[in-house]
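Here are some worked exercises to try with the model open beside you. Have a go at each task before reading its solution.

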2 protein chains.
Amino acid sequence: MAVSHIRYGAGVSKEVGMDLQNMGAKNVCLMTDKNLSQLPPVQVVMDSLVKNDIDFKFYDNVRVEPTDSSFMDAIEFAKKGAFDAYVAVGGGSTMDTCKAANLYASSPHSDFLDYVNAPIGKGQPVTVPLKPLIAVPTTSGTGSETTGIAVFDYQNLKVKTGIASRAIRPTLGLIDPLHTLYLPDRVVANSGFDVLCHALESYTALPYHMRSPCPSNPIARPAYQGSNPISDIWAVHALRIVAKYLKRAVRNPDDVEARSQMHLASAFAGIGFGNAGVHLCHGMSYPISGLVKTYKAKAYNVDHPLVPHGLSVVLTSPAVFTFTAQMFPERHLETAEILGADVRTARIQDAGPVLADTLRKFLFDLDVDDGLAALGYSPADIPALVKGTLPQERVTKLAPRPQSEEDLSALFEASMKLY
Amino acid sequence: MAVSHIRYGAGVSKEVGMDLQNMGAKNVCLMTDKNLSQLPPVQVVMDSLVKNDIDFKFYDNVRVEPTDSSFMDAIEFAKKGAFDAYVAVGGGSTMDTCKAANLYASSPHSDFLDYVNAPIGKGQPVTVPLKPLIAVPTTSGTGSETTGIAVFDYQNLKVKTGIASRAIRPTLGLIDPLHTLYLPDRVVANSGFDVLCHALESYTALPYHMRSPCPSNPIARPAYQGSNPISDIWAVHALRIVAKYLKRAVRNPDDVEARSQMHLASAFAGIGFGNAGVHLCHGMSYPISGLVKTYKAKAYNVDHPLVPHGLSVVLTSPAVFTFTAQMFPERHLETAEILGADVRTARIQDAGPVLADTLRKFLFDLDVDDGLAALGYSPADIPALVKGTLPQERVTKLAPRPQSEEDLSALFEASMKLY
């Protein structure tokens, strides 16, 4: 496994100008989205660039939940700019867009689908050298500052997919908890659910020695290698932080300790799942957000229907872990205990329901919508949701239990209502 | 913090030829020491290079516990070879020698002292690009495959010092537990003590926000930044493995599980202390091994007196942690508990003695020499040992409690006899 360089602390994002100077950068691309462009996290970074005499161009056209065409727009900007370094200030959408811009500007003759995950794209390995990218996360969920993954909606197929390569991992992540003090409570909750599922899925993913295929050449091995002794450490540690701090971080924007800890947990879980991978909650989340009809999440200032990523991931978690607990029930029970369940009298064969009940209670306490039905889905949508999940083999094959189409239908069905 | 890429598993060292091919290497330097040069770990790597058509030159002149002149010899070899990649197969001595060879061959006009830690050397930051270095550890102690540190005896001053820069960290560590099955029990024990002290020292080091100086430019900050929330995770986890597996690994060479776990613990502790740093046990160990008179460790096949690094580190640990426990007694008590002490009735003010007693028992159980006296030192040597410790400020300043010369004298005095 590998981990990018991260630096943590209140105010570290002020150092970005010095870091760029140390890298010898002279022509920098600063990316963000329109919501953030006037806010302190971007202002702090701009001030640091100016103070350190770093020339930069500003791109604030990142789409929240990006698409192939929004990626393309950023790529065009990057190609024209001929930048020698990138800075992404924002959530997963911004960091992922910036990774794609850096990749395709560094590989200008590639077709967009060349690097997109198979079977939707060609999944070619990245062999071109990329420019340094400094990621400054402003949400506490994606962990994108530590991963080599960039996710987007592929509009033709109405499905989420992405690019996965160690080569696109940021050179440096500046994890500045001060940025999280501006987040609305719903954003903190939904981002936190992403951390929760990164930790739970990577900890319960198929172990690295049971994954197939096992390419003999290391370069051909996927970024998502299955659970392993190193990713386990990160997953469990992130989960403990979520259990202790997420509710506090959601309920009180001034709880600096809780919001700081969640910002760190996001990176920890990112390091874990960036090596181990995720599985069914993420695999099934892509059509849930991709097929959205009219649902617009509260507190998200966007001009299009939107199911926030963390929400789309967590709503299936009770059903998913009930299904997967047949394999590795001890791990499922262990995570339930970390999340607060009293497992002293639990039977090992009840690990799935015990974890599911714990998750339902956790979500209820945090005022989460009551299942997929509350997002506008009905049983009639299930075939389309299943169809959107099938191409997500890169993650769904890491589930500890194989799934038939009938299994997936049943999981969506069971996720329509939670409480 | 940053962590290099590591790959763990039985047989991963066979993949080194493919890794070099993937890196485009055409002219490789393979380094090891004479004890290992005919043994399976080197043979496996050579076979992989041949099988993948990688041209290489073989250097087996690494000195166990290297010196400036043994470093120099390897550097000359590297300069003449104009290599495009390096492979180090061995313990810390080999990996550290290879790091130095790569550094100075990449910076041919530098004087040797330019990159050596101040105050002995100039401690210049490394700005030249280095060649890829793949480290294949064969002992379970140093964690050198994960760190940017190369330690050697500076013969003029009869003292250990080193080079510390993120730039010399290996590109890839191949952690193959099969290699550890050949180790004599004393080598397993002494290497394990290095892991033990890496974990204990990095966990009790001054926290990163209390360290001084605090350079405002990130590039000027030391590799050893003080204990922090990320290094803590690695330290505690490595300590748990040491507590559970070290005795088994020493006592039974066929206990594959125990030896595998210790091989992983070595890397984990390396990731931890490579970011946080070590303090007094390591700072005081350098003169202990540097001033050695006639002691030759059992099972080490060398033609010169030798105190193995892990032994020189661990013998002062009961005295050191008794001294440091005034600061952060909770952490000292926590580590005692991990190492098997019953702390339920311990008073917090007794944290130091409790940890010291636990360590003494641990060492006694593993047949460790009874203190510095057993290595041939007497009270008359203490002034020289103190004098040899004073230049080790880079680490001793990370101790949670500052030390006067009198304090250091008392620590050496208290370490003359353990049981």
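Helices (H or I, at least four residues) and strands (E, at least two) are DSSP runs, numbered from the N terminus. This is a predicted model, in which local features need pLDDT of at least 70, side-chain atom pairs count only at pLDDT 80 or more, and totals for chains, interfaces and linings use all residues. Residues are numbered from 1 along each chain as its sequence is written, chains are lettered from A and ligands numbered from 1 in the order in which they are written, and side-chain values use heavy atoms, with hydrogens and water left out.

**Exercise 1. Backbone exceptions**

Task: Find where Pro119(B) and Pro213(B) lie, and describe the peptide bonds from Ala118(B) to Pro119(B) and between Ser212(B) and Pro213(B).

Solution:
- Step 1. Start from the background: most residues other than glycine have a negative phi, and most peptide bonds are trans.
- Step 2. Pro119(B) sits in the loop between helix 4 (92-106) and strand 5 of chain B. The bond that leads into Pro119(B) from Ala118(B) is cis, with omega near 5°.
- Step 3. Pro213(B) belongs to the loop between helix 5 (185-204) and helix 6 of chain B. Ser212(B) and Pro213(B) are joined by a cis bond whose omega is about 0°.

Task: What is the phi of Phe328(A), and what is that of Phe328(B)?

Solution:
- Step 1. Phe328(A) is a residue other than glycine with a positive phi, near 55°. Its loop runs between helix 10 (317-324) and helix 11 (329-338) of chain A.
- Step 2. Phe328(B), also not a glycine, has a positive phi of about 50°. Phe328(B) is placed in the loop between helix 10 (317-324) and helix 11 of chain B.
- Step 3. For accessibility, buried means under 20% relative accessible area, exposed over 50%, and partly exposed in between (1.4 Å probe, protein chains only). With a relative accessible area of 22%, Phe328(A) is therefore partly exposed. Phe328(B) has 22% too, so Phe328(B) is partly exposed.

**Exercise 2. Two helices of chain A**

Task: Compare the end-to-end span of helix 2 (residues 40-51) of chain A with the expected one, then work out which of its residues are buried.

Solution:
- Step 1. The expected span of a helix is 1.5 Å times one less than its number of residues. Helix 2 of chain A has 12 residues and should therefore span 16 Å, which agrees with the 16 Å between its end C-alpha atoms.
- Step 2. Its buried residues are Pro41(A), Val42(A), Val45(A), Met46(A), Ser48(A) and Leu49(A). They lie on the same side of helix 2 of chain A because they cover an arc of only 160° around the axis (the arc is that of the directions from the helix axis to the C-beta atoms).
- Step 3. On the other side of this helix, Val50(A) and Lys51(A) are exposed.
- Step 4. The packing partners of the buried residues are helix 1 (16-22), strand 2 (28-33), strand 3 (56-62), strand 4 (85-90) and strand 5 (133-137) of chain A.
- Step 5. Just after helix 2 of chain A comes Asp53(A), with a positive phi of about 55°.

Task: How many residues of helix 4 of chain A are buried?

Solution:
- Step 1. Helix 4 (residues 92-106) of chain A reaches 21 Å from its first C-alpha to its last, close to the 21 Å expected for its 15 residues.
- Step 2. Of these 15 residues, 14 are buried, so helix 4 of chain A is mostly covered.

**Exercise 3. A loop residue in chain B**

Task: Is Thr147(B) buried or exposed, and with which residues is it in contact?

Solution:
- Step 1. Thr147(B) is part of the loop between strand 5 (133-137) and strand 6 (149-154) of chain B.
- Step 2. Its relative accessibility is 3%, so Thr147(B) counts as buried.
- Step 3. Contact means heavy atoms within 4.5 Å. Neighbours within four places in sequence aside, Thr147(B) is in contact with Lys99(B), Ile168(B), Arg169(B), Pro170(B), Gly270(B), Phe273(B) and Gly274(B).

**Exercise 4. An annotated region**

Task: Which residues of chain A does the UniProt domain annotation cover?

Solution:
- Step 1. The unreviewed UniProt entry annotates residues 226-416 of chain A as "domain: Fe-containing alcohol dehydrogenase-like C-terminal". UniProt positions are given in the numbering used here, feature names are shortened, and annotations may be inferred rather than shown by experiment.
- Step 2. Over residues 226-416, chain A is 61% helix and 0% strand, with the end C-alpha atoms 29 Å apart.
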